[in-house]
Amino acid sequence: MKLKELDIDRFDEFVRNNKDKSHFLQSAAWGELSEEKRGLTPYYLGLVDDNDNILAATLLLQKHLPLKLCYFYAPRGYVIDFHNEKLLKSFTKELVNFAKKKKAIYIKLDPDIVWQRTKYDGEVILEEAKDKKIMNSLLKLGYKHLGFTKNFETRQPRYTFRVDLKQDMEDIEKHFSKTTMQRINKSLKLATEVEIGSEKDLKEFYQLMMLTEDRKDFVSYPFEYYETLYRLFKKNDDVFLFLGKVNLEKVMNILENDLKEVNDEYEKEKEKTSKSAKNKQKELLRRKDKLVSDLEKYKDIENKYGKVITLSAHMIVTYGNKAWVLYAGNHNLLTETYTNYHTYYVHLKFCKEKGIEIYDQFGTIGDLSKDNPRLGLHEFKKKFGGDYIEFMGEFDYVLKPIYYFAFTKLVPLYRNYIKKRKKKELKDEVRNINN
């Protein structure tokens, strides 16, 4: 067995068709994106036998550092049978030799391996955590486990929700929370629309991302990043933009019909004098006032934004047998239409119809304390009935211990400074957009 750099198409075919370990973060497109927008050097590496059959592979992203040093990161890597200790040992040995030649300080990986799964019904399944075979194999080979983090401290989320799309749609919907189906049905009643957008809709998507980031106090990426991601993944039709819209004219017609029905019912009830009739009259008047108020609000919004307004824009990436809800931007207007819920519902069904088996919400928290500011995000994603997944976490294979110590202590301080600076720049950009 030997390690070799693979042709990018051959590499991508192997990764895409690996049912257990295919992941968009190991795709050729992610390597290209990392090179174009993050300045990383991608290597598409494979371990091959004497007949040039690929036995294992990984995308390694090289981050260049001063003093001609570097480190490597295999996002959600490796694409290998982790239970095959002999293969894992050989692959590690070859990767370490490769990294040493590049003067690497360490190799980082965060395998797409489920540590623990909590089913939608509360049943806890200890997957890798039960016997720790893979964990022990990695530790024995010299990898350093970086701990069981609870929030977003790692490169990729250590927790997520995953919906098993191999189930019938009826069963999937049964696992939704009761309020989720109610809100989807209300959104459908209000004639909200969800359509698949194109590259021309990216600016609208970006504006909604900026509004969401400003409201939720987190920082994402500049427009060019999303534009490049879309272009690269669209080459193999692996990215989709879902736009949730409200047609204000249609909604007002629905509300006007509701108002007419309430007025008609009130006319029938207003002469009655029983206690129950009086209560019903009060309820009808309350509903009438609410409908009149809503109609006035929708009319004002129509005057400002036009007849159709996009309230949600979600970017979905599919790869192999999986799909990820990668980015979701939402307006803070007309939240009572639950367009966001409708948009999720549509792209979940789309993924199932496409033959996708796993629908990944791409990130939540492990710390479920009430004061965690991300708890609302967690509770929202939980509503769609997915299994609560905990991944194994990050590992580093350290090649230069002294440099590793300095780098892991000092660089986080620098990154925190950059993060604060970018946050300020993006907030300024949001203000400019809104003005």
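This is a short tour of one structure, stop by stop. The model is predicted.

**Stop 1: helix α1**

Select residues 8–16. That stretch is helix α1. Now colour F11, D12, F14 and V15, which are buried in this helix. How do the buried residues sit when α1 is seen down its axis? They fall within an arc of 160°, so they line one face of the helix.

Turn to the face directed away from the buried side. There you meet D9 and E13, and these residues are exposed.

Next, show what the buried residues of α1 pack against. Select α2 (28–38). Add the strands β2 (41–48), β3 (54–64) and β12 (308–319). These four elements are the packing partners of the buried residues.

Before leaving, go to the N-terminal end of α1. Which residue caps this end? Pick D7, which does the capping. One of the side-chain oxygens of D7 lies 3.1 Å from the backbone nitrogen of D9. D9 is thus a residue to look at twice: it is also on the exposed face of α1.

**Stop 2: H23**

Select H23. Look for H23 in the loop between α1 and α2. Is H23 buried or exposed? The relative accessible area of H23 is 2%, under the 20% cut-off for buried, so H23 is buried.

Now show the neighbours. Leaving out residues up to four places away in sequence, H23 touches V15, R76, D112, Y319 and W324. You have met V15 already, as a buried residue of α1.

**Stop 3: the second largest pocket**

Move to the second largest pocket. The volume of this pocket is about 600 Å³. Which of the 26 lining residues are closest to the centre? Select D20, K21, V114, R117 and E127 to see them.

Then display the elements that each give two or more residues to the lining. They are β6 (114–118), α4 (128–131) and β9 (159–164). Strand β9 gives the most, with three residues.

Try colouring the lining by class. You should find 16 charged residues, seven nonpolar and three polar.

**Stop 4: T212**

Finish with T212. Find this residue in helix α8, which spans residues 202–216. The relative accessible area of T212 is 6%, and a value under 20% counts as buried, so T212 is buried.

Now add E336 and draw a line between the two C-alpha atoms. T212 and E336 are 124 residues apart along the chain. Their C-alpha atoms are separated by 17 Å.

Technical notes: Residues numbered from 1 in each chain as written. Predicted model: local features only at pLDDT ≥ 70, side-chain atom pairs only at ≥ 80, totals over all residues. Heavy atoms only, no water. Buried < 20%, exposed > 50% of the residue type's maximum accessible area, 1.4 Å probe, protein only. Helix = DSSP H or I, 4+ residues; strand = E, 2+ residues; numbered from the N terminus. Arc of directions from axis to C-beta. Contact = heavy atoms within 4.5 Å. Polar contact = N/O pair within 3.5 Å; in protein donor to acceptor, adjacent residues only side chain to side chain. 1 Å grid on protein atoms, 1.4 Å probe; cavity = no way out; pocket = protein on both sides within 12 Å on 5 of 7 lines; lining within 4 Å. Points joined across faces, edges and corners; volume = space filled by probe spheres on them. Nonpolar A, V, L, I, M, F, W, Y, C, P; charged D, E, K, R; others polar.
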